[in-house]
Amino acid sequence: MNSAKRFDMFRMVFSVLIALLISFVIIFFVSDEPVTAIVTLITGPFKSKRSMGNVIESMVPLIFTGTGVCIMFSANQINLATEGGFHLGGLVAAAVALKLGLPAGLSPIVAISLAAVAGAVFCAIPALMKIKTNSPELVSSLMINYISLWLCTFLLMHFLQDPSVGSASYKLPPESELPTLIKGTNIHLGLLIALVVAVFGYVFLYKTRTGYELRLTGENENFARYSGINIVKVILISQMVGGVIAGIGGSVELLSPIYSRFSWVSLLGYGWDAIIICTLAKKNPLYTPLAALFLAYLRTGASIMARYTDVTLEIVQITQGIIILLVVAEQFLSGMKHRMIAREARASLKDEGVA
Amino acid sequence: MLQNLLSPEFFNAILRATTPILFAALASSVASKSGITNMALEGIMLFSALFGVIFSAMTGSFPLGLLLTMVAGGVIGLMLAFFVLNLKTDEILAAIAINLMATGGTVLLMLAVSGDRGSSTSISNVSAPKIVIPLIDQIPFLGKILSGQNLMTYLSILAVVVMHLFLYKTPLGLKIRAVGENKNAAESVGISARKIQYIALILSGVLASMGGFFLSGGYMNMFTKDMSAGKGYIALAASAMGGDTPVGGFLVSLLFGAAQALANMMQLTDIPHELIQMVPYLTTLVGLGIYSYMGVRKRQKLAGK
């Protein structure tokens with residue numbers, strides 16, 4: 001590891017610590033029992049097998065959307081449609097599970113495949129609008145996320161709804177459920193799928209020709225164009241691959257033992273979480289499980305804290321925001337970096353002088 | 001249905017629905033003119049909607065509450081500027097961070113102040129008053145549209161004029177546009193781009209906060225969780241479609257306001273309400289596509305293709 005990379009690591013850890021520190025200060029202001037709250041936040045996930053399982057389970061959707069966003073953002077497309085693609089993936093999976101009546105084994109495979117297609121088509125819309133009409137993908141993707149939400153809610157209420165429970169679908173059949181891996185927890189097969197997807201994302205981005213073209217386009221679009229790379233193709237592929245992963249993520253989450261019905265009537269926010277995952281992983285899908293572990297741990301701790309003390313879960317969103325701000329801030333601690341580089345340069349000059 | 005569409009009440013509702021989008025669109029246009037996309041509008045509006053309730057309840061007065069909210073909005077704009085301009089944070093990621101903090105922070109703050117998680121019903125805030133304009137309210141049809149609106153609605157239309165004059169008729173406005181057009185060229189004639197962008201982002205924050213104030217103190221009379229509901233993003237689209245000019249932004253905001261008002265009115269019909277909720281976002285998406293496509297065609301024509 002060279003010194004610049006080492007410094008990046010140090011800066012990231014330092015940013016996370018500052019963000020946690022600020023969050024603790026906020027807890028001190030809003031809570032009557034701040035010390036208990038903070039201790040619960042930090043140690044809560046270790047208290048029981050179930051809560052440790054919770055950490056692992058909540059990693060799964062984060063790895064999916066995080067990997068998707070890593071690929072989409074690597075092409076320098078600020079497409080935020082992962083959120084809607086994930087939601088749509090969940091709905092498609094629920095529809096397949098409820099309506100097709102396929103046997104166990106086949107049912108989840110068909111559900112996940114169709115969700116992948118839906119995700120790809122969905123995330124391609126902002127990309128196509130960018131290519132064909134030059135509309136900013138940032139704005140169009142924000143809009144279609146809301147359209148996805150209301151379309152899914154419409155389909156839920158008119159085709160899948162179980163009238164006896166209100167705004168949720170009928171119970172999903174056991175044939176469609178993904179098997180659990182560890183008894184006593186909800187850790188399910190989806191974790192393995194997520195890890196495979198993260199590795200696939202890494203191989204795709206860093207070991208294939210298309211991945212190279214994609215990153216080159218992201219770094220410098222004009223340079224890529226003059227090198228003969230088909231920009232339109234690259235942009236479209238990157239957004240569709242991201243969409244496939246988001247769609248799979250949504251379906252895996254819904255078919256997991258965590259959910260017994262499709263009951264998503266508001267956006268879940270995994271698309272936004274993906275941005276912090278992508279930021280912490282430095283756009284490398286291989287690191288998304290680590291980043292997801294961190295965020296999942298924080299979330300689980302916070303929800304345990306919210307259950308036992310007077311501090312709410314939402315404190316985590318503030319922590320997340322501060323982490324993004326500091327990690328992305330190029331100039332944060334830049335003085336220190338310069339001094340470090342200068343010191344190393346002097347040291348190496350001295351070595352050469354001796355030799 | 002048609003009768004309802006042609007009634008003055010419907011046009012009145014359009015102006016009311018336009019107000020928050022319009023403030024935010026103006027906020028977006030001044031930031032964009034200086035060369036920065038301010039996606040934090042959504043978060044600033046959400047924060048300001050809560051601040052508006054808290055400040056107006058604390059001071060017991062609408063003007064003071066609005067003023068303090070505007071100061072708070074300016075401070076968030078300043079924060080965004082500090083991160084983007086001094087610490088070189090990516091402007092989109094910084095905005096996403098601010099929006100995240102707004103989603104969580106408003107719930108946290110509301111719980112601390114009112115003890116309620118969902119809405120601020122227990123706080124008695126002071127909303128902006130409705131204004132009946134003498135003489136104008138006597139005009140048939142038009143009177144019912146133009147008079148009796150919320151004060152913030154009149155302020156938003158006044159803001160269009162003020163922002164137009166500011167951007168196109170004052171030296172500072174010229175500097176903002178120059179920096180947005182070409183930062184290096186502007187700096188070569190002695191303009192401090194950083195200072196100008198700071199001013200533009202603070203102003204952007206102040207304008208967005210007025211839109212947020214209207215949400216909880218005019219459109220509704222309380223703060224509810226996530227009440228900005230993407231209005232900041234719609235405003236971003238409105239401003240982009242309006243060519244980032246105040247007047248253009250105003251016209252597009254009216255269109256989106258009409259879509260929102262139409263959606264509200266269609267709730268009375270048999271059409272499923274989930275599809276109706278989609279109307280404002282779908283209008284924005286289609287409008288954005290058509291507008292951008294026209295831009296592409298125009299450039300192709302000019303290039304002689």
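This passage describes the fold of chain A, its contact with chain B, and selected residues of chain B.

The model is predicted; local features need pLDDT of at least 70, side-chain atom pairs count only at pLDDT 80 or more, and totals for chains, interfaces and linings use all residues. Residues are numbered from 1 along each chain as its sequence is written, while chains are lettered from A and ligands numbered from 1 in the order in which they are written. The predictor's confidence in each residue is given as pLDDT, from 0 to 100. Chain A has a mean pLDDT of 89. In this chain, 99% of the residues reach 70 or more. Confidence within chain A is lowest in helix α14 (residues 334-354), with a mean of 77. It is highest in helix α7 (residues 190-207), at 95.

Chain A contains 14 helices and 0 strands. Helices (H or I, at least four residues) and strands (E, at least two) are DSSP runs, numbered from the N terminus. The radius of gyration, taken over C-alpha atoms, is compared with a globule rule of 2.2 Å times the number of residues to the power 0.38. For 355 residues, a compact globule would have a value near 20 Å; chain A has 22 Å, which agrees. Along the principal axes, the C-alpha atoms of chain A fill a box of roughly 80 × 60 × 35 Å.

A residue is buried if 20 or more other C-beta atoms lie within 10 Å of its own, exposed if 12 or fewer, and partly exposed in between; C-beta atoms are placed from the backbone. Buried residues make up 52% of chain A. Two residues are in contact if their C-beta atoms, placed from the backbone, lie within 7 Å. Of the contacts in chain A with a separation of 6 or more, 79% join residues 24 or more positions apart.

Helix α2 (residues 34-43) of chain A shows two sides. Its buried residues are A:A37, A:I38, A:T40 and A:L41. These residues lie on the same side of α2(A), because they cover an arc of only 160° around the axis. The arc is that of the directions from the helix axis to the C-beta atoms. On the other side, A:V35 and A:T43 are exposed. The cover over the buried residues of α2(A) includes α1 (3-30) and α12 (288-308) of chain A.

The two chains touch through 39 residues from chain A and 41 residues from chain B. On the chain A side, the elements that give two or more residues are α5 (106-133), α6 (137-160), α11 (270-280) and α13 (315-328). Helix α6(A) gives the largest share, 14 residues. The chain A side divides into 25 nonpolar, 12 polar and 2 charged residues. Here Ala, Val, Leu, Ile, Met, Phe, Trp, Tyr, Cys and Pro count as nonpolar, Asp, Glu, Lys and Arg as charged, and the others, Gly among them, as polar.

In chain B, B:T283 lies in helix α13 (residues 273-302). B:T283 is buried, with 20 other C-beta atoms within 10 Å. Leaving aside neighbours within four places in sequence, B:T283 is in contact with B:F256 and B:A259.

Most residues other than glycine have a negative phi. B:K88 is not a glycine, yet has a positive phi of about 55°. B:K88 lies in the loop between α4 (62-86) and α5 (91-114) of chain B. B:A229, also not a glycine, has a positive phi of about 40°. The loop between α10 (193-219) and α11 (231-241) of chain B holds B:A229. With 17 C-beta neighbours inside 10 Å, B:A229 counts as partly exposed.
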